[in-house]
Amino acid sequence: MSESHPKKWDFFIGTQKMKNILVIASHPNIEHSYANKIILSNLELSSLNVEICHIDKLYPTYDINIEAEQSKLIKADVVVLQFPFYWYSVPAALKSWIDKVLSYGFAYGSAGDKLKGKHIIPSITVGGPEESYSATGYNHFSIKELLRPLEQTAYLTQMIWNEPVYTHGCIYIPNVYNTQEEVESRAKNHANRLIEKLESLS
Ligand SMILES: Cc1cc2nc3c(=O)[nH]c(=O)nc-3n(C[C@H](O)[C@H](O)[C@H](O)COP(=O)(O)O)c2cc1C
């Protein structure tokens with residue numbers, strides 16, 4: 001039986017190999033983050049087999065080590081993209097990472113199948129409230145609609161697209177948007193949902 005079809009008794013005697021989870025975390029200023037910082041520290045404390053890469057810290061000028069990033073991806077079974085929603089998309093460092101790392105011959109093209117069959121899960125903190133992300137709200141589109149380019153990137157690279165884990169109302173500006181307690185509690189709840197999702201894949 002192949003490795004991808006675990007034997008029934010593996011589950012009973014605990015020999016089932018845990019999935020390698022690679023978290024690509026992008027935040028230009030994680031020290032001043034409320035939400036992403038909490039989600040990442042909860043992931044770190046979980047019993048999951050996670051490797052967290054802070055790409056903004058690793059590559060402050062976006063001079064990305066493509067080979068190093070591609071070898072991390074090759075080892076991973078599940079890739080989590082952890083980021084704050086910036087202008088309805090990913091932060092600049094993550095866009096640069098995607099542009100450079102998901103290259104022709106690696107992620108797409110006739111021989112570019114290195115990501116085939118790996119899970120991808122976007123995990124996003126969103127500033128705006130839920131009702132704003134609807135046809136009648138000031139953001140007009142749902143989060144899922146706005147994430148279509150990322151979803152299609154997963155399909156082109158033959159990855160398994162998982163519904164995003166996202167949380168509204170994550171912005172904290174004292175006396176303007178939310179309270180710190182509200183944002184921290186939303187972030188903890190987000191982390192729990194993400195960990196539950198990752199456990200179901202592991
Ligand atoms: C440059 C910038 C762009 C942003 N764009 C959006 C946006 O398009 N939609 C939204 O709902 N919130 C937006 N926000 C709010 C962030 O998503 C929010 O502050 C972040 O998720 C909070 O996470 P943190 O505490 O980890 O920084 C933006 C914030 C910044 C600084």
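In this predicted model, buried residues account for 32% of the 202 residues in the protein chain. The overall dimensions add to this picture: along its principal axes, the C-alpha trace spans about 60 × 40 × 35 Å. The radius of gyration of the protein chain is 18 Å, which agrees with the value near 17 Å that a compact globule of 202 residues would have.

The protein chain contains eight helices and six strands. Read from the N terminus, these elements follow the order α-β-α-β-α-α-β-α-β-α-α-β-β-α. Contacts can also be sorted by how far apart the partners lie in sequence. Among contacts between residues at least 6 apart, 76% join residues at least 24 apart.

Helix α2 offers a helpful close-up of how one element is packed. This helix covers residues 35–45, and its buried residues are A35, N36, I38, I39, L40 and L43. A general point about helices is useful when looking at such a list: an α-helix has 3.6 residues a turn, so residues three or four places apart point the same way. The buried residues of α2 are covered by several elements, including the strands β1 (21–25), β2 (50–54), β3 and β4 (119–125). Helix α8, which runs over residues 180–201, is also part of this cover.

The surroundings of the ligand come next. The ligand is surrounded by 16 residues, and the closest are S33, N36, P84, G127 and G128. N36 thus appears twice in this account, as one of the closest residues to the ligand and as one of the buried residues of α2. Sorted by class, the shell around the ligand has 10 nonpolar and six polar residues, with no charged ones.

Finally, the backbone holds two details worth a look. Most residues other than glycine have a negative phi, and most peptide bonds are trans. Y88, however, has a positive phi near 65° without being a glycine. This tyrosine sits in the loop between β3 (78–84) and α5 (92–101). Y88 counts as partly exposed because it has 15 C-beta neighbours inside 10 Å, whereas a buried residue would need 20 or more and an exposed one 12 or fewer.

Q158 is another non-glycine residue with a positive phi, here of about 65°. Its place is in the loop between α7 (148–156) and β5 (160–161). With 15 other C-beta atoms within 10 Å, Q158 is therefore partly exposed.

Technical notes:
Residues numbered from 1 in each chain as written. Predicted model: local features only at pLDDT ≥ 70, side-chain atom pairs only at ≥ 80, totals over all residues. Helix = DSSP H or I, 4+ residues; strand = E, 2+ residues; numbered from the N terminus. Near = placed C-beta within 6 Å. Nonpolar A, V, L, I, M, F, W, Y, C, P; charged D, E, K, R; others polar. Contact = placed C-beta atoms within 7 Å. Rg over C-alpha atoms; globule rule 2.2 N^0.38 Å.
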